[in-house]
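Reader: I've got a model open and I keep tripping over the labels. Can we go through what stands behind them?

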Amino acid sequence: MTEVLDQPVASRVSGRAWRRVFLRCLGVPLVVTAPLLYLVPDADHRYNVYWHGSLVQDRPWRLITENLRTVPMYIGFGNFRPLGRMAEWSADTLAYVIAEVTHLPVQVGLRLVSALAAAVLAAAAVVFAEAVTGRGRMFAGPPARTIALLPFAFGGCLVAAGRLSNTVLFGGLYFLSAALVLLVAAWVCRGPRLGVLVVAAGAVLAVFNEVAAIGPPLATAAVLARGGPSRLRPALLVWLGFLPVFVPVRVLLFLACREGGCYGNSDVVFGSGVGGALANRLTAWLPPLQWGEALREAGPVGGVGVGAAAVALAVLAARLFAELPRLPGIDRSQAVRLAVAGGSALLFGALLGSINAQTQALAAHGRWGLGWRDSGITAAGGCLLLAGLLALAATARTSGDAARVRRMPLAAGLSAVGLSAPGLPDAGLSAAGLPEVSRAAVARAALVAFVLAGAGTATVNQAYAVGSNRLPYAVLTGAIAAEVAQFDATPAGNSRRCELLRQFGDSLRAMPYSRFAEGELPGTHSPAERMSVTASMATEQMYGRPFCS
């Protein structure tokens, strides 16, 4: 009777513990990226959020129809990602709606959406870790200490490490892409029964984007790490859905781009630069390396920012610090599974980043720690690998403690009469009491380190935002965003907006305007025209007037 009554109680306790983990997945990215809230959008983001947002707000079905209609055009440009573009448009539309409702500059919505997408990725990493290490039903028991630490480990990696970092550019898209990869791999490694859905998931990965293409190999690695070759059937079904779409599309892209002239960031380049780029991408997720890259052109580093971030993260970590000794650990085999699966995510993400001409050139110039579109998946994979290695180190350290405990006469005597040590989670000292305390101490030390790393990342992000927003083109982009948010219908307001467009065009006059940009917005021939058209799309949708008349 007692066992029957205890089961619901234990279930509720476990449920609350898991809810706290997922709340930290939300809270930590919001704290660490908060200094970037007013970071002005860069590159295509400064146009696309107006274009995508206004178009979908006006005619929602065009989210689907436009991205299907333009598939042949983009194949001619050298990439194929219709579902990924729908996800990108959705993220931009959400940022646009936030700006429309709040009348705040559009960068606020963009940064909030990016932080929320990072939170989804942190939660996906937690789910992936539980799927790989759990032996029974997922979430049936309380979270392991190693898994509970993941949100803080991942938060420290959310550095604005240059203009190409996911934390700065297209965060909504690429954080969600990485989350999709991890969630599909987690689902597959748990042995889903409906094969049709697994095949469909493989097809979805094939039409999403380049990051999603690492989904099938990661799912295979996760299955092998958890159950061995005998459980490969679901992973093979993912490949069955993936390859019939992926291979023909790659053939079409090769035919379209074999003479060059395609979108360079989608090119696959093999050669002597791959090795150096691979080493670069394998380490680019480490916070200290990212800090160095972010501070290259950053503003002053403020002490108030680091203090505020440290306090906020400490508040989020306080309860976890107290409950770590009561949370279960993972054994050596589970730690190996986690390290192998996390290392696979890191490796496949880094391989994706290393076969690109841009990353190879950056690696050759010694740009260590620079972010790229693989940053989300490599950061998640690196944190999972680190968590697995941390658990392995804890088990190695405590194995010697266990042997020493067994040799202690007092401990043996206490165990013989069934006495337990106060405050220890185990039933007695001789079995695993001191080792469990030692492992909890390792976990607490790691938590403190992760909190300090997160505070450092928040401080670096603040400095990066200050430095980036001072650049001439960023000042103009920010002023245009402010004019869209707070539209002045007077003649003076119109004159001010037209003058901003003129200055924006002058600042980017030397920038080439690609055929890809012309194809996306026919009739535009320069960045100034692109900004004029997209900003007017936004103001006409919001206020019924062009940006500059």
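Author: Sure. This is a predicted model, and of the 549 residues of the protein, 53% count as buried.

Reader: What makes a residue count as buried here, say Thr220?

Author: The cut-off is under 20% relative accessible area. Thr220 has 18%, so Thr220 is called buried. You'll find Thr220 in helix H11, which spans residues 215–227.

Reader: Which residues is Thr220 in contact with, leaving aside its neighbours within four places in sequence?

Author: Those are Leu232, Ala235 and Trp239. Contact here takes heavy atoms within 4.5 Å.

Reader: And why is Arg12 called partly exposed?

Author: Exposed needs over 50% and buried needs under 20%, with partly exposed in between. Arg12 comes in at 47%, so Arg12 gets the middle label. Arg12 lies in helix H1.

Reader: What makes Arg12, Arg16, Arg19, Arg319 and Arg326 a patch of positive charge?

Author: Arg counts as positive, and like charges are joined within 9 Å if their residues have over 30% relative accessible area and no salt bridge. Arg12, at 47%, is over that 30% mark. The five named arginines gather in the patch on the surface.

Reader: Which helix gives the largest share of the positive patch?

Author: Helix H1, residues 2–33, supplies 3 residues.

Reader: How many helices and strands does the protein have?

Author: There are 24 helices and 0 strands. As for the surface, the protein exposes about 22,900 Å², with 66% of that supplied by carbon and sulfur atoms.

Conventions. Residues numbered from 1 in each chain as written. Predicted model: local features only at pLDDT ≥ 70, side-chain atom pairs only at ≥ 80, totals over all residues. Heavy atoms only, no water. Helix = DSSP H or I, 4+ residues; strand = E, 2+ residues; numbered from the N terminus. Buried < 20%, exposed > 50% of the residue type's maximum accessible area, 1.4 Å probe, protein only. Areas by Shrake-Rupley, 256 points an atom, 1.4 Å probe, with all protein chains shown as cover. Patch = residues over 30% accessible without salt bridge, like charges linked within 9 Å, V, L, I, M, F, W, Y side chains within 5 Å. Salt bridge = Lys/Arg side-chain N within 4 Å of Asp/Glu carboxyl O. Charge placed at Lys NZ, Arg CZ, Asp CG, Glu CD.
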